[in-house]
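Colleague: I have a chain open on my screen and want to get my bearings. Can we go through it together?

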Amino acid sequence: MSKSFTYIRLSKDDAALLLVDHQAGLISLVQDFSPGEFKNNVLALAACGKYFELPTILTTSFENGPNGPLVPELKEMFPNSPYIARPGNINAWDNEDFVRAIKQTGRKQLIIAGVVTEVCVAFPALSAIEEGYEVYVITDASGTFNEVTRHSAWLRMQAAGVQLMNWFAMACELHRDWRNDIEGLGTLFSNHIPNYRNLMTSYFTRNP
């Protein structure tokens, strides 16, 4: 029995990056990654957003409460990007300013990551699917309480049509061809994947 499949690739010309609730308080709840690994993944994803010049939207939930402020590095990386401090909406898609900022990008592919996976990521991802967007959730830059919770959230989103990727696969799909910029992408990878530095060191030795 044959089944049709259309491979819809991420495009740097049609994608926007949504960083949802990477807040100091909420991040302390993340237990499915080690603290250092998770922070590295989040910053790697953000670095990809800058490298590919993706419209990027930052949002927080009830930051004056226990959720805490946005991770400062993200604010520093995107000083001119829309920053939506939601007063109480749990689902970011329920906030008019957030949805308006997305629509103003004119992009139809939404790359989403956040904390926690089953709420702050899943709720807007499902809402965006319902609105006709193509949604890609970055699994290793989204965190939650444990692996059971994580997989339940992944299954729910996947059933609705959300595509699950890690940040490295996302970067490769956006880049398309190494010849577009070997040193730029290689440096980005080296900054966040220690073993990748060895590859680039070998490359630069052979290509001085």
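What follows is a set of short questions and answers on this predicted model.

Colleague: How many helices and strands are in the protein chain?

Modeller: This is a predicted model, so the count describes the prediction. The protein chain has both kinds of element. The tally is 9 helices and 6 strands.

Colleague: Is the chain as compact as a globular protein of its length, or less compact, and what is its radius of gyration?

Modeller: The globule rule gives 17 Å for 208 residues. The chain comes close to that, so it is as compact as a globular protein of that length. Its C-alpha trace spans about 55 × 45 × 35 Å along the principal axes. The radius of gyration is 17 Å.

Colleague: What share of the residues is buried?

Modeller: Buried means under 20% relative accessible area. The chain exposes about 10,500 Å², with 52% of that from carbon and sulfur atoms. Of the 208 residues, the buried share is 48%.

Colleague: Among contacts between residues at least 6 apart in sequence, what share joins residues at least 24 apart?

Modeller: Start from the contacts in the protein chain between residues at least 6 apart. Then keep those that join residues at least 24 apart. That share is 79%.

Colleague: How far apart are the mean positions of the positive and negative charges?

Modeller: The chain carries 17 positive and 22 negative charges. Take the mean position of each set. The two are separated by 4 Å.

Colleague: What does helix α2 reach from its first C-alpha to its last?

Modeller: Helix α2 covers residues 35-51, which is 17 residues. Its buried residues include F38, L43 and C48. At 1.5 Å a residue, 24 Å is expected, and the model comes close to that. The helix reaches 24 Å.

Colleague: Which residue just after α2 has a positive phi?

Modeller: Most residues other than glycine have a negative phi. Just after α2, phi is positive, at about 55°. The residue is E53.

Colleague: Is A15 buried or exposed?

Modeller: A15 is in strand β1, residues 15-20. Its contacts include L54, P55 and I111. The buried cut-off is under 20%. At 0% relative accessibility, A15 counts as buried.

Colleague: What is the phi of D21, and where is the residue?

Modeller: D21 is not glycine, yet its phi is positive, near 65°. It is buried, with a relative accessible area of 0%. D21 is found in the loop between β1 and α1.

Colleague: Which residues does a cis peptide bond join?

Modeller: Most peptide bonds are trans. Here one bond has an omega of about 0°, which makes it cis. V116, one of its partners, lies in the loop between β4 and α5. The cis bond joins V115 and V116.

Colleague: Which residues does S127 touch, leaving out those up to four places away in sequence?

Modeller: S127 is in helix α5, residues 117-130. At 14% relative accessibility, S127 counts as buried. Its contacts beyond four places are N91 and W93.

Colleague: Which elements do the buried residues of α7 pack against?

Modeller: The buried residues of α7 include W167, M170 and L174. They pack against both helices and strands. The partners are α2, β4, β5, β6 and α8.

Colleague: Is R176 buried or partly exposed?

Modeller: R176 lies in the loop between α7 and α8. Its phi is positive, about 75°, although it is not a glycine. With a relative accessible area of 45%, R176 is partly exposed.

Colleague: Which residues does D181 touch, again leaving out those up to four places away?

Modeller: D181 is in the loop between α7 and α8. At 29% relative accessibility, it counts as partly exposed. The C-alpha atoms of D181 and L155 are 35 Å apart. D181 touches Y51 and H175.

Colleague: How far apart are T201 and G186 in space, C-alpha to C-alpha?

Modeller: T201 is in helix α9, residues 194-206. At 45% relative accessibility, T201 counts as partly exposed. T201 and G186 are 15 residues apart in sequence. In space the separation is 9.9 Å.

Definitions and conventions:
Residues are numbered from 1 along each chain as its sequence is written. This is a predicted model: local features need pLDDT of at least 70, side-chain atom pairs count only at pLDDT 80 or more; totals for chains, interfaces and linings use all residues. Side-chain values use heavy atoms; hydrogens and water are left out. Helices (H or I, at least four residues) and strands (E, at least two) are DSSP runs, numbered from the N terminus. The radius of gyration is taken over C-alpha atoms; the globule rule is 2.2 Å times the number of residues to the power 0.38. Buried means under 20% relative accessible area, exposed over 50%, partly exposed in between (1.4 Å probe, protein chains only). Contact means heavy atoms within 4.5 Å. Accessible areas come from the Shrake-Rupley method with a 1.4 Å probe; for residues, only the protein chains shown count as cover. Lys and Arg count as positive and Asp and Glu as negative; His and the chain ends are not counted. The place of a charge is taken as NZ of Lys, CZ of Arg, CG of Asp or CD of Glu. The expected span of a helix is 1.5 Å times one less than its number of residues.
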